[in-house]
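Here's a quick tour of the pockets in this model, written for someone who wants to know what lines them. Have the viewer open as you read.

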Amino acid sequence: MTLLNDDFILSTKSAKKLFHNYAEKMPIVDYHCHLEAKDIYENKNFDNITRIWLNDGMFGDHYKWRLERANGVSEDLITGNGDDYQKFIAYARTMEKAIGSPLYEWSNLELKRYFGINKVFNVQNAPEIYAEANSKLVTEEYKPRNLIVKSNVKIIVTTDDPVSDLKYHKLLREEETRFKVFPGMRPDNLIRINQGNYGEYIKQLEACTNVDITDFDSLVEAMKKRFQAFSDVGGKNSDHGLNTYTFKKLSKEKIDEIVRKAIKDNQMLTQDEVNGYQTAILEALMKLNKQYDWVMQFHINVIRDVNGPKFRKLGPNTGYDSMGTQANIVDEMMKLYADAAERDIIPKTIFYSTNPNDWMQLATGMQNFQEEGVTQKLQLGCAWWFNDTKEGMEEQLRIMAQQSLLGNFVGMLTDSRSFLSYTRHEYFRRVLCNLIGNWVQNGQLPDDYEYLGNIVEDISYNNAIKYFGF
């Protein structure tokens with residue numbers, strides 16, 4: 001069988017019909033990624049495939065880097081200043097060992113879809129692939145904006161700090177008509193009050209809002225201004241990285257004291273103070289998300305920057321993170337939502353966790369807070385990060401189907417820093433159609449392709465458009 005033929009992953013007649021007749025044609029909404037609006041706006045060609053695939057400035061694929069380190073590749077040929085061609089060869093050598101990894105399939109699929117290269121990606125074929133891909137990357141067709149159009153992407157949501165000036169989102173809003181780029185607010189620097197630079201960060205927030213932040217109320221006032229600024233350029237969601245979380249309610253006076261202490265001199269806070277502040281700021285942000293009819297996303301349970309020496313040398317997001325193990329984190333999240341329910345401030349929400357042990361608890365927990373008149377107000381997010389595999393996607397889809405309504409699911413995202421990652425949507429859609437096709441094959445669903453095809457189209461595209469309000 002040919003690698004990645006037209007029917008790869010699709011194991012039944014029903015799956016093939018659903019994918020080729022329904023899912024394959026649908027546009028893409030990438031409602032969470034780490035592309036930069038600046039790079040989309042400036043629209044510069046990449047020098048070579050190493051630069052678009054492995055690392056170029058802010059771009060860096062730590063999925064690939066982790067596997068290369070496992071293969072003994074020198075850091076100079078991963079994140080360092082090594083020769084781009086040698087970096088490419090090192091990655092090809094790594095891929096030869098990566099059978100069973102989604103990266104093996106993704107890499108070959110990207111070569112096939114974007115460059116029309118059908119050769120298997122290995123060291124033997126690497127020189128020819130490098131030359132052929134590079135000859136195309138210098139052309140107008142392979143500039144970032146045209147790659148987005150080539151991928152049939154209609155909506156991109158970037159990840160932006162609340163203090164971002166959103167300059168490039170505004171410019172794209174004026175100039176680009178083929179697709180839309182919206183900002184997604186990521187207030188991690190506001191939530192992580194104990195990371196050591198809170199006072200400096202508050203100064204930045206004051207500068208962009210003209211609010212003198214002296215207590216919790218003035219902090220919330222400043223954030224409301226940033227919600228408005230993001231909304232003015234099409235912002236529809238926020239995203240929150242909660243590596244760990246513990247619910248803790250403290251008095252308003254105590255929260256004010258914590259804010260003043262952290263702003264003044266970054267004094268050490270107790271764990272109870274950190275937990276109390278984080279609970280207060282999350283509830284304030286939940287209220288703002290609901291007021292602006294945004295979707296609030298939570299990415300939880302991660303152990304980040306585990307290797308201290310490598311973190312100090314290379315910085316964050318370089319491939320030294322792992323699945324979190326806070327066993328009670330969902331319990332704590334449900335306490336937060338129970339308290340928010342008492343205050344009627346629950347917004348539309350998507351929950352993700354790197355630990356699949358959390359998925360059933362999240363799926364059953366979110367069902368306690370669905371709301372009359374709102375379709376699937378709370379969602380179990382797609383298989384995230386280390387679970388971004390065929391088996392991980394299948395498991396997430398099964399849990400969403402068994403514990404809520406799969407037909408309302410908002411589907412896939414890339415969570416990527418690469419302009420070539422949109423093939424992950426194709427991969428997800430194949431997994432989705434294969435799962436539904438197996439249910440038809442087993443007699444669990446009718447072979448009504450118009451009915452099932454509509455569900456597939458909704459999960460692929462339509463649901464996200466409606467849910468986020470794009």
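What follows covers the two pockets in turn, with a small table in between.

Keep in mind that this is a predicted model. Let's start with the largest pocket, which has a volume of about 1,200 Å³. Its lining counts 39 residues, and Arg186, Asp188, Arg192, Arg304 and Asn317 are the closest to the centre. Which elements supply at least two residues each to that lining? They are helices H4 (62-70), H10 (188-191) and H14 (271-291), along with strands S4 (153-160) and S6 (237-242). H14 gives the largest share, at four residues. Sorted by class, the lining of the largest pocket holds 17 polar residues, plus eleven nonpolar and eleven charged ones.

Here are the two pockets by lining class:

| Pocket | Nonpolar | Polar | Charged |
|---|---|---|---|
| Largest pocket | eleven residues | 17 residues | eleven residues |
| Second largest pocket | six residues | four residues | five residues |

On to the second largest pocket, with about 310 Å³ of space. Among the 15 residues that line the second largest pocket, Ile28, Arg113, Ser151, Tyr422 and Glu426 sit nearest its centre. Three helices give two or more residues to this lining: H1 (13-23), H6 (102-115) and H19 (423-441). Which of the elements makes the largest contribution here? That's H19, with four residues of the lining of the second largest pocket.

Technical notes. Residues are numbered from 1 along each chain as its sequence is written. This is a predicted model: local features need pLDDT of at least 70, side-chain atom pairs count only at pLDDT 80 or more; totals for chains, interfaces and linings use all residues. Side-chain values use heavy atoms; hydrogens and water are left out. On a 1 Å grid over the protein atoms alone, a cavity is a set of points where a 1.4 Å probe fits but cannot get out, and a pocket is an open set with protein on both sides within 12 Å along at least five of seven lines; lining residues have an atom within 4 Å of a point. Grid points are joined across faces, edges and corners, and a volume is the space filled by probe spheres set on the points. Ala, Val, Leu, Ile, Met, Phe, Trp, Tyr, Cys and Pro count as nonpolar, Asp, Glu, Lys and Arg as charged, and the others, Gly among them, as polar.
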